[in-house]
Amino acid sequence: MLDRFDTLDQRLLDDFQRDFPLTPQPFAVLAEQLGTTEDVVLDHLRAMQSDGRIARVGGTVRPNTAGASTLAAMAVPEERIEEVARQVSRLPGVNHAYLREHDWNLWFVATAASAEDLARDLEAIRLETGLEVLDLRLVQPFNIDLGFPLAGERRCMTTRADVDADALRDSDRPLLHALSQGLPLVPRPYAALAESLGWSEPCVLTRIDALLAAGILTRIGVIVRHRAVGWTSNAMVVWDVAPERMTEAGRALAQVPGVTLCYQRRIVPGVWPYGLYSMIHARSRAEALEVLARAAALPALNSVDHLPLFSIRCFKQTGARLQREAAA
């Protein structure tokens with residue numbers, strides 16, 4: 001699928017999704033590896049951001065470390081989908097919103113500076129729309145780093161299990177928020193970021209390195225918009241796994257090549273029994289179903305009830321908001 005893009009774009013999309021250089025001129029480092037110039041690299045990245053193939057060059061933050069986040073779902077009548085999607089998407093804390101194939105059809109990720117702020121945001125959506133909102137908080141992650149190879153064979157991508165939450169300083173929050181929005185596409189992005197924060201460039205680089213080492217930042221690199229580069233058949237598969245089998249099943253599921261995210265979330269008794277979630281990103285529905293068949297054949301998931309919820313439409317996809325609006 002990448003072969004329809006310029007060769008340099010292919011390399012930028014596939015080779016630099018993580019381990020982005022922590023040096024004053026990172027794009028010059030990329031240029032040296034690619035056999036081109038810093039200006040050319042920046043021009044290509046700006047073009048791909050402009051046309052929607054990448055969301056940003058920046059960071060992804062481990063959920064519920066620097067703020068609060070949740071996955072939420074709503075059962076929206078068909079005739080109200082456009083209206084409710086607009087209402088949900090205009091909330092600053094909503095950074096992903098998708099229409100999926102199910103009665104619970106509108107799914108969104110909401111982030112906020114605190115659990116209290118997040119609860120208020122969800123209540124505001126409930127009151128404005130008059131619809132129930134399922135609040136499906138994260139319980140434990142098995143793979144939460146959506147950075148996978150776009151070319152070559154599928155392989156498993158897992159997230160480190162440990163995180164040193166004590167490494168986070170209150171002063172890091174503006175930095176994490178800025179990285180979740182994206183680095184400036186300029187020759188010295190860390191210096192530009194430092195200036196916006198009132199920090200020094202060495203301080204920015206030191207803190208990013210520390211936050212990566214602690215697992216609070218899961219990666220720094222090119223954040224790809226997968227639908228825009230041909231991965232258009234994407235399914236969130238939910239599994240009704242017994243609590244005592246959850247960890248075993250989650251660890252096994254995260255190891256399946258083609259499973260790009262995997263985590264446990266809260267259930268809603270009597271409404272939503274599915275506690276194990278996995279994402280499959282694929283280039284066709286048939287390819288996604290092949291990955292699902294391999295997952296369903298795992299001993300830990302044998303005969304477990306599950307639902308593939310294919311995405312139909314993306315309403316919003318931005319970086320997470322980790323500060324209150326005024327502070328941000």
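Okay, so let's start with Asp 9 and what it touches: leaving out neighbours within four places in sequence, Asp 9 is in contact with His 44, Met 48 and Arg 53. Keep in mind that this is a predicted model. Asp 9 sits in helix H1, and with a relative accessibility of 7% it counts as buried. One of those contacts is polar: the side chains of Asp 9 and His 44 come together at 2.6 Å.

Now, on to helix H3. H3 covers residues 38–50, which makes 13 residues, and it reaches 18 Å from its first C-alpha to its last, close to the 18 Å expected at 1.5 Å a residue. Which residues of H3 are buried? They are Glu 38, Val 41, Leu 42, Leu 45 and Met 48. These buried residues lie on the same side of H3, because they cover an arc of only 130 degrees around the axis. Turn to the face pointing away from that buried side, and you'll find Asp 39 and Ser 50, which are exposed. And what covers the buried residues? Helix H1 (7–15) and helix H2 (26–34) are included, and so are strands E1 (54–61) and E7 (217–224). After H3 comes Gly 52, with a positive phi near 90 degrees.

Next up, Tyr 190, over in helix H7 (residues 189–197). Is Tyr 190 buried or exposed? It's buried, at a relative accessible area of 0%. Beyond residues up to four places away in sequence, Tyr 190 touches several others, among them Phe 20, Thr 23, Leu 183, Val 204 and Ile 220. Look at Thr 23 for a second: it is 167 residues from Tyr 190 in sequence, yet their C-alphas are 8.2 Å apart in space. Also, a polar atom of the Tyr 190 side chain lies 2.9 Å from the backbone oxygen of Pro 21.

Last, the sheet. Its 9 strands form an open sheet with antiparallel pairing, in the order E5-E2-E4-E3-E11-E8-E10-E9-E6. E5 (134–136) and E6 (138–143) are at the edges with a single partner strand each, so one side of each has no neighbour in the sheet. From one strand to the next, the twist averages 30 degrees. Zoom in on E3 (residues 94–100) and E11 (residues 306–317): they run antiparallel and are joined by 5 bridges. In one of these pairings, His 96 has Gln 317 in E11 as its bridge partner.

Two helices go with this sheet. H4 (residues 81–89) packs on it, touching E2, E3, E4 and E11, at about 70 degrees to the direction of E11. H5 (residues 115–129) lies across E2, E3, E4 and E5, and runs at about 145 degrees to E4.

Terms used. Residues are numbered from 1 along each chain as its sequence is written. This is a predicted model: local features need pLDDT of at least 70, side-chain atom pairs count only at pLDDT 80 or more; totals for chains, interfaces and linings use all residues. Side-chain values use heavy atoms; hydrogens and water are left out. Helices (H or I, at least four residues) and strands (E, at least two) are DSSP runs, numbered from the N terminus. The expected span of a helix is 1.5 Å times one less than its number of residues. Buried means under 20% relative accessible area, exposed over 50%, partly exposed in between (1.4 Å probe, protein chains only). The arc is that of the directions from the helix axis to the C-beta atoms. Contact means heavy atoms within 4.5 Å. A polar contact is a pair of N or O atoms within 3.5 Å; within protein, one must be able to donate a hydrogen and the other to accept it, and residues adjacent in sequence count only if both atoms are side-chain atoms. Two strands pair if DSSP finds at least two bridges between them. Axes are lines fitted to C-alpha atoms, for helices over the stretch in contact, and angles run from 0 to 180 degrees between N-to-C directions.
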